[in-house]
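Reader: I should like to learn how the empty spaces of a protein model, and a ligand within it, are to be read. Could you take me through one case?

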Amino acid sequence: MTPHDAFIDGLPKVELHVHIEGTLEPQMLWDKAVEQNLKLPFQSVDDIQRAYNFGNLQDFLDIYYQGMNVLRSERDFYDLTFAYLEKAHAQNVMHSEIFFDPQGHTSRGLAFETPLNGITQALADGREKLGISSGLIMCFLRHLDEADAFKTLNQALPYKAHILGVGLDSSELGHPPSKFERVFAAARDAEFRVVAHAGEEGPPDYVWEALDLLKIERLDHGNRSLEDPKLVERLVASGMGLTVCPLSNLKLCGVKDMREHPLRRMLDLGLKAGVNSDDPAYFGGYVNENYKAVTAALGLEPHHLVTLARNGIDASFIDDAEKKVLRDRLDLYATAH
Ligand code: ADE
Ligand code: ZN
């Protein structure tokens, strides 16, 4: 608990870093497995929950890829996505830019269209029924090769209208952004927005590569940028948005204790950091729990929270008129409280 929990609950916010497959709650995983007669290496929902203890990113990814096996039909992806939107809406998320991992599904024999159609339909319903706006970003799995990423990009081209951008995720160490320089050039030529995970576990060099070679417009995580003052200077000067995920960093042991989390330092340095949930079903909380955890540990004040929410709006891929609407809602809230 912090004295600012109620302020955080009501704060109008955006989310720019959430993997839809990472919103698969143990209960839904269990129900989908039972429904489809799939054998799980778990005896109960509690058993699944207990397995969510990770020493590093790879430990988590092994469980995450296993979990997504229960997602097989458009309906499964619809249910998953709509359940996330309902939670986000209940937490006063006004706009969400959502990742999905097509290769995590096509590699299991699903058509590219199966996750895409289910997610897209849920996003449309989220807009209509909940009033939450959204965008979809497809991530290339960096542990796979360039040819596989190119194949995925080509599969996406006919659906350009439903896919806002491309990103890069999965096992970072040993898979630098340079591996995907040509794929990202092709994605930019096709007018996809471009983001990448970098500096989560990987060194500052990977962030430099994401900037210079992939020409990213937003940096996912970016925590290890703080090890390189020249890099910080570059990120501040360009106004680069950072999608920071505090509970993820704690659960994947990027920080040992939330009191050591770099978020407050990032703000003090002038970095445009925001707060996001990454894989909320696996890391113990959605966006509000992330705000509360860092607020309690770092002693953040309401003005910090408003800055974090504003940074999210600024770094989003909505147009200037839509940004103004969200900023006005945020300003109104900040003034009223
Ligand atoms: N895929 C899902 N969550 C991820 C994370 N935090 N880092 C890299 N890849 C991911
Ligand atoms: Zn992520």
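Author: We shall take the cavities first, then the ligand, then the pockets. The model is a predicted one.

Reader: How does one find empty space in a set of atoms, and how many cavities of 30 Å³ or more are there here?

Author: Rolling a probe the size of a water molecule over the atoms shows where empty space is left. In this model the count comes to 3 cavities of 30 Å³ or more. The largest cavity holds about 110 Å³ of space. It is lined by 15 residues, and those closest to its centre are His 19, Leu 57, Phe 60, Leu 61 and His 197.

Reader: Which element gives the largest share of the lining of that cavity, and how does the lining divide by class?

Author: Helix α4 gives the largest share, with 5 residues. By class, the lining of the largest cavity comprises 6 nonpolar, 4 polar and 5 charged residues.

Reader: What takes up the space of the largest cavity?

Author: Ligand 1 does; its space is the largest cavity. The shell around ligand 1 includes His 19, Tyr 64, Asp 169, His 221, Asp 278 and Asp 279. Here too α4, residues 57–67, supplies the largest share of the shell, namely 4 residues. The shell has 4 nonpolar, 4 polar and 4 charged residues.

Reader: Which polar atoms approach the nitrogen atoms of ligand 1?

Author: One reads such contacts as pairs of N or O atoms within 3.5 Å. A polar side-chain atom of Glu 200 lies 2.7 Å from a nitrogen atom of ligand 1, and a polar side-chain atom of His 19 lies 3.3 Å from a nitrogen atom of the ligand. For Ser 170 a backbone N or O atom is involved, at 2.8 Å from a nitrogen atom of ligand 1. Taken alone, ligand 1 exposes 260 Å², of which the protein buries 100%.

Reader: Turning to the pockets, what is the volume of the largest one, and which elements each supply at least two residues of its lining?

Author: The largest pocket has a volume of about 270 Å³. Among its 18 lining residues, Arg 127, Ser 134, Gly 135, Leu 136 and Ala 161 are closest to the centre. Strands β2 (93–100) and β3 (133–141) and helix α7 (113–130) each supply at least two residues of this lining. By class, the lining divides into 8 nonpolar, 6 polar and 4 charged residues.

Reader: Which residues line the second largest pocket?

Author: Glu 200 is one of them, and others include Asn 223, Arg 224, Glu 227 and Arg 265. The volume of the second largest pocket is about 180 Å³, and its lining has 3 nonpolar, 3 polar and 5 charged residues.

Methods. Residues numbered from 1 in each chain as written. Chains lettered and ligands numbered in written order. Predicted model: local features only at pLDDT ≥ 70, side-chain atom pairs only at ≥ 80, totals over all residues. Heavy atoms only, no water. Near = heavy atom within 4 Å. Polar contact = N/O pair within 3.5 Å; in protein donor to acceptor, adjacent residues only side chain to side chain. Areas by Shrake-Rupley, 256 points an atom, 1.4 Å probe, with all protein chains shown as cover. 1 Å grid on protein atoms, 1.4 Å probe; cavity = no way out; pocket = protein on both sides within 12 Å on 5 of 7 lines; lining within 4 Å. Sits in = over half its atoms within 2 Å of the grid points. Nonpolar A, V, L, I, M, F, W, Y, C, P; charged D, E, K, R; others polar. Points joined across faces, edges and corners; volume = space filled by probe spheres on them.
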